Amino acid sequence: RWARGPAPGSSGARGLWWKPMTRYGFDFDSSRGTGCKTCGRGGKDYHDRGPDSLFRRIYDFEGGSWEKTSEGAWNKTAFNYHLAISCNHCDNAACVENCPTGAMQKDEETGLVNSDPEVCIGCGTCRNSCPYDAPRIDAELSRARKCDGCLARVRNEEQPMCVGACPLRALEFGPIDELREKYGDTSQVAPLPEPTTAPNLVIGSCQAIDSNTYNLDEGYIANPLEVE
Ligand code: SF4
């Protein structure tokens, strides 16, 4: 059931980890993620959406090269890592603030954000407002759809589908304060935007992010067609 062991402060038994009025979020460990995209399929399939839906996008970020020194040796500046990013259920959710109909709402008990399909008119303001490009207009439904943190599963004391689906256990879900205590409070690494919306996201560093060897500023998204 758990990504990397029991939920923080919990034995995993029913009623112990589920804490109403707690802010929940995700941790993604970039030293584990291999870019396999299983997490993205897990959420999409659970919500019974088609191949065009992206509830979690996997960025392949890379840069650098191999450079020959004057002595004829080779220095490696090439790097590559992956980030699996869904809605971050932000404290200052721009999608909620800008939704013209009030369809996009933040769940009072968990802080998880989702759109009410009965109220949504599919105008796309949420997508245009979100710095993470999380909401998408589902062409078949003509409504905004995005990761809802698998709220129904969470209320049933189950992990979000993406967390359980990850074969590398790179994702963890839980009270965001406890995730930050365990893994730190980094929520912005290239190519993610500045965390102006107070995302409930923790990024665990990999060697490419931690090291000073690599120039991440010159990196690029290697799979733009998959995440656009
Ligand atoms: Fe809204 Fe985007 Fe933040 Fe999700 S990531 S809560 S869609 S602003």
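At 62% relative accessibility, D48 counts as exposed. In this predicted model, D48 sits in the loop between α1 and β2, and its phi is positive at about 60° even though the residue is not a glycine. D48 comes right after α1, so it makes a handy way into that helix and the loops on either side of it.

On the other side is the loop between β1 and α1 (38-46), which holds K37. K37 is another non-glycine residue with a positive phi, this time about 75°. With a relative accessible area of 22%, K37 is partly exposed, because the buried class stops at under 20%. The loop between β1 and α1 also contains G33. G33 has a relative accessible area of 16% and is therefore buried, given that buried means under 20%. Setting aside residues up to four places away in sequence, G33 touches F28, H82 and A170. V113, on the other hand, is 80 residues away from G33 along the chain, and the C-alpha atoms of the two are separated by 25 Å.

As for α1 itself, its buried residues are C39, G40, G42, G43 and K44. The cover over these buried residues includes β2, β5, α5 and β10.

Now to the sheet that β1 belongs to. It is an open sheet of three strands, in the order β10-β1-β11, and the pairing is mixed. β10 (171-175) and β11 (201-204) are the edge strands, each pairing on one side only. On average, and ignoring direction, neighbouring strands of this sheet are turned by 20° against each other. Strand β1 (residues 24-29) runs parallel to β11, and four bridges join the two. Within this pairing, F26 has L201 of β11 as its bridge partner. Lying across β1, β10 and β11 is helix α6 (residues 176-183), which runs at about 125° to β10.

After α6, the loop leading to β11 includes P191. The peptide bond from A190 to P191 is cis, with omega near 10°. A190 also turns up among the contacts of Y81: leaving aside neighbours within four places in sequence, Y81 is in contact with Y59, D60, F61, A190, C206, A208, I209 and L216.

Y81 leads on to the nonpolar core. In soluble globular proteins, nonpolar side chains tend to be buried together. Here the largest nonpolar core has 46 residues, and those touching the most other members are F28, F79, Y81, L83, I85, F173 and I203. At least two core residues come from each of β1, β2 (56-63), β5 (79-86), α4 (151-155), α5 (161-165), β10, β11 and α7 (207-210). The biggest share belongs to β5, which gives five residues. The three strands of the open sheet, β10, β1 and β11, are thus among the elements that feed this core.

Finally, there is the ligand. It is surrounded by 13 residues, of which C87, N88, C90, C95 and C130 are the closest. The shell around the ligand is made up of 10 nonpolar residues, two polar and one charged.

Terms used. Residues numbered from 1 in each chain as written. Predicted model: local features only at pLDDT ≥ 70, side-chain atom pairs only at ≥ 80, totals over all residues. Heavy atoms only, no water. Near = heavy atom within 4 Å. Nonpolar A, V, L, I, M, F, W, Y, C, P; charged D, E, K, R; others polar. Pairing = 2+ DSSP bridges. Axes fitted to C-alpha atoms, helices over the stretch in contact; angles between N-to-C directions. Contact = heavy atoms within 4.5 Å. Core = buried A, V, L, I, M, F, W, Y, C linked by side-chain atoms within 4.5 Å. Buried < 20%, exposed > 50% of the residue type's maximum accessible area, 1.4 Å probe, protein only.
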